[in-house]
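Subject: Structure handover

Hello,

Here is the structure I said I would pass on. My notes on it follow below.

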Amino acid sequence: MSYDLEQIRRDFPILQRQVYGRPLVYLDNGATTQKPRCVVEAMTDEYYNVNANVHRGVHFLSQQATELHEQSRETVRRFLNAASVNEIVFTRGTTESMNLVASCFSEAFMQEGDEVIVSTLEHHSNIVPWQLAQARKGIRLRVIPITDEGTVCMDEYRRLFNSRTRIVSVAHVSNVLGTVNPIREMTEIAHAHGVPVVIDGAQSAPHMAVDVQQLDCDFFAFSGHKVYGPTGVGVLYGREDWLDRLPPYMGGGEMIKRVSFEKTTFNELPYKFEAGTPDYVATTGLAKALDYVSHLGMERIEAYEKRLAHYAAERLQQIPGMCLYGPMAYGAEGSGPISFNVKGIHHLDMGTLLDRLGVAVRTGHHCAEPLMQRMGVDGTVRASFGLYNTLDEVDVLAASIERVCKMFA
Ligand code: 7TS
């Protein structure tokens, strides 16, 4: 199958929309992606024709819903190349997945003075859960510094390990700069110290083939809504031996084997971590979305999006006063988002005026305030690409920025 952009764009009805009488140029895919028709239709069909709670009823619809739900888990397993479906836990999204690991791991394996290594590039959802553990258990956060180009300092990373290091928790791809961290190398170093690694894959799963066995990570989190699937569903991959040893996260139905007031025993994996009714319709939608991107081919999506980002970086850098951040400003390859500011124009003004021209971007700190502090800015404008964006749209972005610049001249 070829990369047929026109067909792809037809699969996403919202891309035909106009805003303020102009064609929508949607460049906020880092925040959330649009949904292809097949995802919405699969979910509507399930609500109309199948709906019943999973894992409970003896009746026909419940069995059918359960089957769909468990097939979705298998689709996720294949997407990540996990060894077993027991390693695929459904959550509400990356944030919940990261909180689950930080909470359960620190509870079971960390004591006062023990350390977690994170990086300067992290989204708040890989900082605050560890700070909550800090408040509860007295653990310490150690932070890998980054270079001016926006890449992690590997020498500093190596130096952070000591006898108190218990876990490493890092983003695969930065949601602000598009930096791709050398995860394989980072896991190798951590494992040499006997330390497990958590990957925040919110910004990698939509843009590149992810193979958790090849990355050799111990946990990997991502959100459905950033991979063309529905909101409210995400995934935590965890190596079976780790998940087995972690205590449950939430208590309730589904996660138990037997309950009495004297003693409760917990369910097997992955249900031990899935208390309550799961969003079984969303898991169907997520599986459809993963089938959709897999059918296009993650390698093909990655190559195409790199071309887009590279073209955008080159084109934007021709604009007077442009300050582009991150590896792409230095000619390196990046993935997904590019961040910038134009001299003399506040990012919020730029974003607001671009919106009036039909171009949807995000502005502000992007839930990465420590990174903003390191960059010495209070925010940036971020254009983040998806599989359906076009080179023409990049031209519209650049021309629109130039128009805004003229207003401020
Ligand atoms: N980690 C990273 C790297 C992210 O980019 C995000 C969301 C999250 C975690 C949290 O994902 P959630 O689905 O649980 O909310 N990032 C963004 C963003 O860049 N703009 O809006 C949301």
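What percentage of the 409 residues of the protein chain count as buried? The figure is 56%. Please keep in mind while reading that this is a predicted model.

Overall build

The protein chain contains 14 helices and 17 strands. Its C-alpha trace spans about 75 × 55 × 35 Å along the principal axes. For 409 residues, a compact globule would have a radius of gyration near 22 Å, and the protein chain agrees with that because its own value is 22 Å.

Contacts in the protein chain reach across the sequence. Taking those between residues at least 6 apart, 71% join residues at least 24 apart.

Surface and charge

About 17200 Å² of the protein chain is exposed, and 50% of this area is supplied by carbon and sulfur atoms. The protein chain carries 39 positive and 49 negative charges. The mean positions of these two sets are 3 Å apart.

Aromatic pairs

With ring centres required to lie within 6.5 Å, the count comes to 11 aromatic pairs. One of them is formed by phenylalanine 12 and tyrosine 388, which meet edge-to-face, at 4.8 Å centre to centre and with 70° between the planes. This pair links distant parts of the chain, 376 residues apart. Phenylalanine 12 sits in the loop between α1 (5-10) and β1 (18-19), while tyrosine 388 sits in the loop between β17 (380-384) and α14 (391-408). Phenylalanine 12 counts as buried because its relative accessibility is 0%. Tyrosine 388 is also buried, with a relative accessible area of 0%.

Another pair is made by phenylalanine 79 and phenylalanine 222. Their ring centres are 5.9 Å apart and their planes stand at 50°, so the pair is tilted. Phenylalanine 79 belongs to helix α3 (residues 60-80) and phenylalanine 222 to strand β9 (residues 219-223), so the pair ties together parts that are 143 residues apart in sequence. Both phenylalanine 79 and phenylalanine 222 are buried.

Which residues do ring pairs link into a cluster? They are Phe12, Tyr228, Tyr292 and Tyr388. Tyr228 comes up again below, on account of its backbone.

Backbone points to look at

Most residues other than glycine have a negative phi, and most peptide bonds are trans. The places listed here depart from that pattern.

- Leucine 269 to proline 270: the peptide bond is cis, with omega near 0°. Proline 270 is in the loop between β12 (264-266) and α10 (280-296).
- Asparagine 81: phi is positive, about 55°, although the residue is not a glycine. Asparagine 81 lies in the loop between α3 and β4 (88-91). Its relative accessibility is 31%, so asparagine 81 counts as partly exposed.
- Tyrosine 228: phi is near 70°, again a positive value in a residue other than glycine. Tyrosine 228 is found in the loop between β9 and β10 (234-238). Is tyrosine 228 buried or exposed? Tyrosine 228 counts as buried, because its relative accessibility is 0%.

Tyrosine 228 therefore has two entries in these notes: it counts as buried at 0% relative accessibility, and it is a member of the ring cluster with Phe12, Tyr292 and Tyr388.

Regards

Technical notes:
Residues are numbered from 1 along each chain as its sequence is written. This is a predicted model: local features need pLDDT of at least 70, side-chain atom pairs count only at pLDDT 80 or more; totals for chains, interfaces and linings use all residues. Side-chain values use heavy atoms; hydrogens and water are left out. Helices (H or I, at least four residues) and strands (E, at least two) are DSSP runs, numbered from the N terminus. The radius of gyration is taken over C-alpha atoms; the globule rule is 2.2 Å times the number of residues to the power 0.38. Buried means under 20% relative accessible area, exposed over 50%, partly exposed in between (1.4 Å probe, protein chains only). Contact means heavy atoms within 4.5 Å. Accessible areas come from the Shrake-Rupley method with a 1.4 Å probe; for residues, only the protein chains shown count as cover. Lys and Arg count as positive and Asp and Glu as negative; His and the chain ends are not counted. The place of a charge is taken as NZ of Lys, CZ of Arg, CG of Asp or CD of Glu. Rings of Phe, Tyr and Trp (its six-membered ring) pair if their centres lie within 6.5 Å; planes under 30 degrees apart count as stacked, over 60 as edge-to-face and the rest as tilted.
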